[in-house]
Amino acid sequence: MPSLTEFKELVKSNPEQAFLDYVLEIDEESFDWQDSNAGIRAEPGPRDIEWQFEEPNKIKMYPSLNQDTAKKIYYLPWKNKSLTQVTLDKDSPAQFLTSEFSNCRFTIHYHDAEGKTVTVMHIAGDVTGGGSISGGNTRNDMETNAPLPSPAVRSRRLSVSKPVPGFKGAAWKKYDATAKDTVYYDSQAVVFGYRKKNGGWVFYAQNLDQNKVSKGRIEL
């Protein structure tokens, strides 16, 4: 029987299954804004998260002030027309979460072969050009120019965008997927990551349709 208890146990024992069986829904108004009235978005960082279950299989996530029930997690929000990033390592909270992606890009730069130190980026979808080819090129430039604490030995990308229809869009997508190791979703996604026992980080993207129904997940 789906429940919050089952979800929490799966997160500990089998996170891959947890995000196949359950749909994540983030209260982005609470997570993403430091002061929404003033238009000030929150910075990336550790958050105390509260998970609540809603039938049939939805997990709603809110910032928590209750230390007895909260779970600390590292949260990466998005910022308008910008790039947010953070480097995760052995001293970071053991679980990681992003806000929802729509026309956005998630990039992982692994700084060592085991993935024990990684820099993750959330590149906004509302840059000029949006989900078009020109928007994708703008995100390429933002990603390339962002400083890294050390060189990446490998990079992986999730692009939640749909280039302009037609041959050029399809061809661009195919090239980007091969040349830049990019996974494409055309709807929405949430990325969850966790640190394994050996210290290496692993990330999963939950693919959501426009009605927030899970279409499965993929390992990044």
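## Overall make-up

The protein contains 5 helices and 15 strands. Bear in mind as you browse that this is a predicted model. Of its 220 residues, 50% are buried. The protein exposes about 10,600 Å², and 49% of that area comes from carbon and sulfur atoms.

How do the contacts spread along the sequence? Taking contacts between residues at least 6 apart in sequence, 61% join residues at least 24 apart.

## Strand β4 and its partners

A good place to start looking is strand β4, which covers residues 45-54. On one hand, β4 runs antiparallel to β6 (residues 71-76), and 5 bridges join the two strands. Within this pairing, Ile-49 has Lys-71 in β6 as its bridge partner.

On the other hand, β4 is joined by 6 bridges to β5 (residues 58-63), again in an antiparallel arrangement. Here Trp-51 is matched with Met-61 of β5 as its bridge partner. The pair β4 and β5 makes a hairpin, with 3 residues between the strands.

## The nonpolar cores

These strands turn up again in the interior. The largest nonpolar core holds 21 residues, and Phe-7, Leu-24, Met-61 and Leu-97 are the ones with the most contacts inside it. Two or more residues of this core come from each of α1 (4-13), α2 (15-21), β1 (23-26), β4, β5, β6, β13 (188-195) and β14 (201-208).

Which residues does Leu-97 touch, leaving aside those up to four places away in sequence? Its contacts include Leu-24, Ile-26, Ile-49 and Met-61. Leu-97 also touches Ile-73, Tyr-74, Tyr-75 and Leu-76, together with Val-190, Val-191 and Phe-192. Two of the residues touched by Leu-97 are familiar from the strand pairings: Ile-49, the bridge partner of Lys-71, and Met-61, the bridge partner of Trp-51.

Apart from the largest core lies another one, made of 19 residues. Among its members are Phe-96, Cys-104, Tyr-110 and Val-160.

## A closer look at Asn-103

Asn-103 sits in the loop between β8 (95-98) and β9 (105-110). Is Asn-103 buried, exposed or partly exposed? With a relative accessible area of 28%, Asn-103 counts as partly exposed, because this value falls between the 20% limit for buried residues and the 50% limit for exposed ones.

For a distance to check in your viewer, try Asn-103 and Ala-189: their C-alpha atoms are separated by 9.9 Å, while the two residues are 86 apart along the chain.

Key:
Residues are numbered from 1 along each chain as its sequence is written. This is a predicted model: local features need pLDDT of at least 70, side-chain atom pairs count only at pLDDT 80 or more; totals for chains, interfaces and linings use all residues. Side-chain values use heavy atoms; hydrogens and water are left out. Helices (H or I, at least four residues) and strands (E, at least two) are DSSP runs, numbered from the N terminus. Buried means under 20% relative accessible area, exposed over 50%, partly exposed in between (1.4 Å probe, protein chains only). Contact means heavy atoms within 4.5 Å. Accessible areas come from the Shrake-Rupley method with a 1.4 Å probe; for residues, only the protein chains shown count as cover. Two strands pair if DSSP finds at least two bridges between them. A nonpolar core is a set of buried Ala, Val, Leu, Ile, Met, Phe, Trp, Tyr and Cys residues joined through side-chain atoms within 4.5 Å.
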